[in-house]
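Here are my notes on the model, set out as numbered points. Please read them with the structure open beside the text.

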Amino acid sequence: MDVADLVRPDVLSLEPLGGKVYSEVVKMDANENPYAWPQGMREELEGSLLQFNRYPDPNAGELKDAISEYSGVPADGILVGNGSDELIQMVLLTFGGEGKAVVVHPPTFGMYQAAARVTGTKALPVPLLNGLNLDVERILERAQAPEVSIIILCSPNNPTGTLFARADLLKIAAASGKIVVMDEAYAEFCGQSLVDEIANYPNLLVMRTFSKAFGLAGLRLGYLLGQAETISLINRVRQPYNVNSFSQKAGILALKYLDHYLEQIEALKRETEKIYRALTEIPVFKVYPTQSNFILFQPDDADVWHRELLERGFLVRHMGELPVLGKSLRLSPGLPEDNEAFIKAVWEIAMARKLVKLQAVR
Ligand code: PMP
């Protein structure tokens, strides 16, 4: 018996997920927050008397109240997920599927297309202009196709770091007539959000995560904001206990310690800027301006640089061949002392590769 004969044909075309785990490296590959949780938060979390023999609150009521206070969106317009990855899948399960299509703007976050494949939704790519700018007219044009039910926008965009103009994003929400998912995973680093427009657009969904600015990537916690009716539709496809009780508590506490996180966010912005400036000093590098906590760049040879940095203990993300832009690397800052060491390693490699002159070394 061959079990492959029994599988859904579209599943056969998918790559199994997974990835190599590196130990003993400075992790700069996943846009995470490298800082420790704020003083006191860990103790509060560990000390909280959670009953792990009981199921979590299926409605995550207390967490939703905290998110409501933070975002200004009423609790019935909030859905929490096991990371925003799960929320992307839930949106596609609700509005996508067989015979439906989703518009995406590559180069962007890869999970949109992955979730489209898993849910049998067709992905319609509208590449960014020059690999960086939103092609608003083309997106609106493609979205007119009757099978399109969803448009996913990401700002600041992973992996380019680009922040799209608010007016352009709103134009798509206003004119498309489709579900518009605004992925704001990195909103805390740029200060721009469409959250305050939710009341005006029943088709607008804003997606956020605790994985980036709030440093809870390992606890898998994301949330979706929208009008109550839209959110309640998506709530129909949710697993009853999709967010565990520990993560619910961690999210509540993270928002309680917001002031501490705001300091970390400012520090991460400074560290990103420091690395950005250092990278732009290497003449052959193409470095893209960023509005987030990560930087996309193209060295003279991405494969060699990825390997050389890893040999020196720095893990950056090899993005492979990006649509329009080509082979690129992406990194997010580590702790300040690690970033200093990283910049030094970059100069050493650049010198060994004869990309900079000796006298240029600081
Ligand atoms: N959206 C974007 C743009 C991302 O970069 C990421 C993480 N890389 C996610 C969503 C997923 O975040 P999580 O599932 O950890 O909430």
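1. In which hand, left or right, does α4 pass α5? The crossing is right-handed, with the caution that the model examined here is a predicted one.

2. The geometry of this helix pair can be stated more fully. Helix α4, made of residues 84-95, packs against helix α5, residues 111-118, at an angle of about 45 degrees, and their axes are 9 Å apart. An angle of that value makes α4 oblique to α5. On the α4 side the residues that meet the partner helix are Asp85, Ile88, Gln89 and Leu92, while on the α5 side they are Met111, Tyr112, Ala115, Ala116 and Val118. Sorted by class, this contact comprises seven nonpolar residues, one polar residue and one charged residue.

3. The seven-stranded sheet deserves a separate look. Its strands form an open sheet with mixed pairing, and they follow the order β2-β8-β7-β6-β5-β3-β4. The edges are taken by β2, residues 78-81, and β4, residues 122-125, each of which pairs on one side only. From one strand to the next the twist averages 25 degrees.

4. Within that order, β5 (residues 148-154) and β6 (residues 179-183) may serve as an example of a strand pair, for they run in the parallel sense and share five bridges. At one position in this pair, Ile150 is found opposite Ile179 of β6.

5. Helices also pack on this sheet. Helix α3, residues 61-71, touches β2 and β8 (222-225), and its direction makes about 120 degrees with that of β2. The helix α5 of the first two points packs on the sheet as well, where it touches β3 (101-104), β4 and β5, and its direction makes about 170 degrees with that of β3.

6. How many strands form the sheet that has the order β9-β10-β13-β12? There are four, in an open sheet whose pairing is antiparallel. Because β9 (286-287) and β12 stand at the edges with a single partner strand each, one side of each is left without a neighbour in the sheet. Inside the sheet, β10 and β13 (residues 326-331) run antiparallel and are joined by three bridges, and here Ile295 has Leu331 of β13 as its bridge partner.

7. Two helices should be considered together with this antiparallel sheet. Helix α11 packs on the sheet by touching β9 and β10, and its direction makes about 10 degrees with that of β10. Helix α12, residues 302-311, lies across β10, β12 and β13, and runs at about 25 degrees to β13.

8. The last point concerns the domains. According to the domain assignment, the chain holds domain 1, which consists of 3-33 + 259-360, and domain 2, which covers 41-257. Their C-alpha centres lie 24 Å apart, and the contact between them involves 26 residues of domain 1 and 27 residues of domain 2. On the domain 1 side that touches domain 2, at least two residues come from each of α11 (258-280), β10 (295-298) and β12 (317-322), and α11 gives the most, with five residues. By class, the residues on this side of domain 1 divide into 14 nonpolar, seven polar and five charged.

Notes: Residues numbered from 1 in each chain as written. Predicted model: local features only at pLDDT ≥ 70, side-chain atom pairs only at ≥ 80, totals over all residues. Axes fitted to C-alpha atoms, helices over the stretch in contact; angles between N-to-C directions. Parallel < 35°, antiparallel > 145°, perpendicular 65-115°, else oblique. Left-handed = near helix turned anticlockwise from the far one by under 90°. Contact = placed C-beta atoms within 7 Å. Nonpolar A, V, L, I, M, F, W, Y, C, P; charged D, E, K, R; others polar. Domains from an automatic or database assignment. Pairing = 2+ DSSP bridges.
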